[in-house]
Amino acid sequence: MKLSVTLVLAAAFVSTTAMDAATGGAVAAESQITILYDAFGKDAAMRKDWGFSALVEVAGKRILFDTGDDRDIFAANVKAKGVDLTKLDFVVLSHRHSDHMAGLSHVLSVNPKVTIYAPQDGLGGIYGSSVPSSFYRKDGSLPPEMRYYDGRPPDILKLGRAWQDANIELIDKTTEIAPGITLIALVSEAPGTRELKELSLAVNTPDGLLLVVGCSHPGIEKIVEAAAAINPKIHLIAGGFHLIVAPDDAIARIVATLKDTFKVENVAPGHCTGEPTFAALKRAFGNRYIYAGVGTSLPLGPSTGTGERRGEGPALEEDELTTYRKLARRDDSFGLLQARSLRSQLLHPEGE
């Protein structure tokens, strides 16, 4: 009898595993996201700075998503959390902005052969690129010494990369890089970042889709729409929503879209999401808003976010707000100065 029960249980396990594989579901024994880089957080061992990085442990994979803005701060935070960068399955760099990739030099110093996925940026892309030589106009009337490649260019021009020896694989379109793990590739149409390509990480799990975003330059709603085409059940979105200077009406619209249109189950916003958006998301999602300051580990699964930090207090406390604002003003990456200038012009027109 015991043998029969064992066989039945074994058969059920095999059946379940096969079903997960057939549906593209990705299961891990212990799944979590650890925030390694951001400008707010409560972990005294972690250094705050403007930028983003997260270690995503899911689907049996250890994925480093982005590497922050400063190599030394990134290295210190990795050490503080006891993260072993030699045991990564791969790295994803969401886009070319320094606050998401500057720590890569530290990663390569300890794991030089790790696979790195980065967006295909085309001509002059920092991650390297290849373009047909037909892209430029030619003039056969010139003598050879005045012509590129003496007038005999190769069919394809292979351009250099910032990390020459790194194992970088360029992603030009949405691609499933492992069973249940997809990199969503979209392009920004916003002024200031137009034509910027960005990758987001989507992992299909039995609880729904896990979506990790870097800066959401193409628009968080567009990224979620693309993710919903993989699995309409969005279990969790973590990362930067890029609403740091958005007006209240735009924030309200996007929050409603995430909550009511796409039925997103949980949110764990950080980085460039913005303080007013932290507050709006917390009001809208209640105990499904997950605090994600630097140093925080977010367990994944059916009980995502049910820990003591969920729904607790303000999204950011006063000391965190001070640091966050200081770091956000460090440069004008998000149009802060431009937004203030426009606001000032509206409030104090010339001649009044």
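Strand 11 (residues 197–205) and strand 12 (residues 208–213) run antiparallel and are joined by five bridges. Here two strands count as paired if DSSP finds at least two bridges between them, and the strands themselves (E, at least two residues), like the helices (H or I, at least four), are DSSP runs numbered from the N terminus. Within this pair, Leu201 sits opposite Val212 of strand 12.

Before going further, a word on what you're looking at: this is a predicted model, where local features need pLDDT of at least 70 and side-chain atom pairs count only at pLDDT 80 or more, while totals for chains, interfaces and linings use all residues. Residues are numbered from 1 along each chain as its sequence is written, and side-chain values use heavy atoms, with hydrogens and water left out.

**The six-stranded sheet**

Strands 11 and 12 belong to an open sheet of six strands, ordered 9-10-11-12-13-14, with mixed pairing. Strand 9 (175–178) and strand 14 (266–270) are at the edges with a single partner strand each, so one side of each has no neighbour in the sheet. From one strand to the next, the twist averages 20 degrees (axes are lines fitted to C-alpha atoms, for helices over the stretch in contact, and angles run from 0 to 180 degrees between N-to-C directions).

**The seven-stranded sheet**

There's also an open sheet of seven strands, again with mixed pairing, in the order 8-5-4-3-2-1-15. Its edge strands are strand 8 (167–171) and strand 15 (297–299), each pairing on one side only. The twist here averages 20 degrees from one strand to the next. As general background, strands of a sheet pair through backbone hydrogen bonds, either parallel or antiparallel. Some of the neighbours in this sheet are set out below.

| Strand pair | Sense | Bridges | One facing pair |
|---|---|---|---|
| Strand 2 (residues 53–58) and strand 3 (residues 61–65) | antiparallel | five | Val58 and Lys61 |
| Strand 3 and strand 4 (residues 90–92) | parallel | three | Phe65 and Val92 |
| Strand 4 and strand 5 (residues 115–119) | parallel | two | Val91 and Ile116 |
| Strand 5 and strand 8 | parallel | five | Thr115 and Asn167 |

Strands 2 and 3 form a hairpin with two residues between the strands, and Ala59 there takes a positive phi near 60 degrees. The chain then goes from strand 3 through helix 2 (residues 71–80) to strand 4 in a right-handed β-α-β crossover. Right-handed is meant in this sense: with the strands pointing away from the viewer, the path from the first strand over the helix to the second runs clockwise. Helix 2 itself lies across strands 1, 2 and 3, at about 140 degrees to strand 1.

Another right-handed β-α-β unit comes next, built from strand 4, helix 3 (residues 104–110) and strand 5. Besides the Val91 pairing, Val92 has Tyr117 of strand 5 as a bridge partner. How enclosed is strand 5? Five of its five residues are buried, so the rest of the structure largely encloses it; buried means under 20% relative accessible area, exposed over 50%, and partly exposed in between (1.4 Å probe, protein chains only). In a regular strand the side chains alternate between the two faces of the sheet. Both faces are covered in strand 5, with Thr115, Tyr117 and Pro119 buried on one side and Ile116 and Ala118 buried on the other.

**A closer look at Thr34**

Thr34 is in strand 1 (residues 32–37), and with 4% relative accessibility it counts as buried. Its side chain makes a polar contact with the side chain of Ser297, at 3.1 Å. (A polar contact is a pair of N or O atoms within 3.5 Å; within protein, one must be able to donate a hydrogen and the other to accept it, and residues adjacent in sequence count only if both atoms are side-chain atoms.) Leaving aside residues up to four places away in sequence, Thr34 touches Ser53, Ala54, Leu55, Glu57, Lys81, Thr296 and Ser297, where contact means heavy atoms within 4.5 Å.

**Helix 6 and the whole chain**

In helix 6 (residues 275–285), the buried residues include Phe278, Leu281 and Phe285. Gly286 follows helix 6 and has a positive phi, near 55 degrees.

Overall, the protein has eight helices and 15 strands, and buried residues make up 49% of its 352 residues. Of the contacts with a separation of 6 or more, 67% are between residues 24 or more positions apart.
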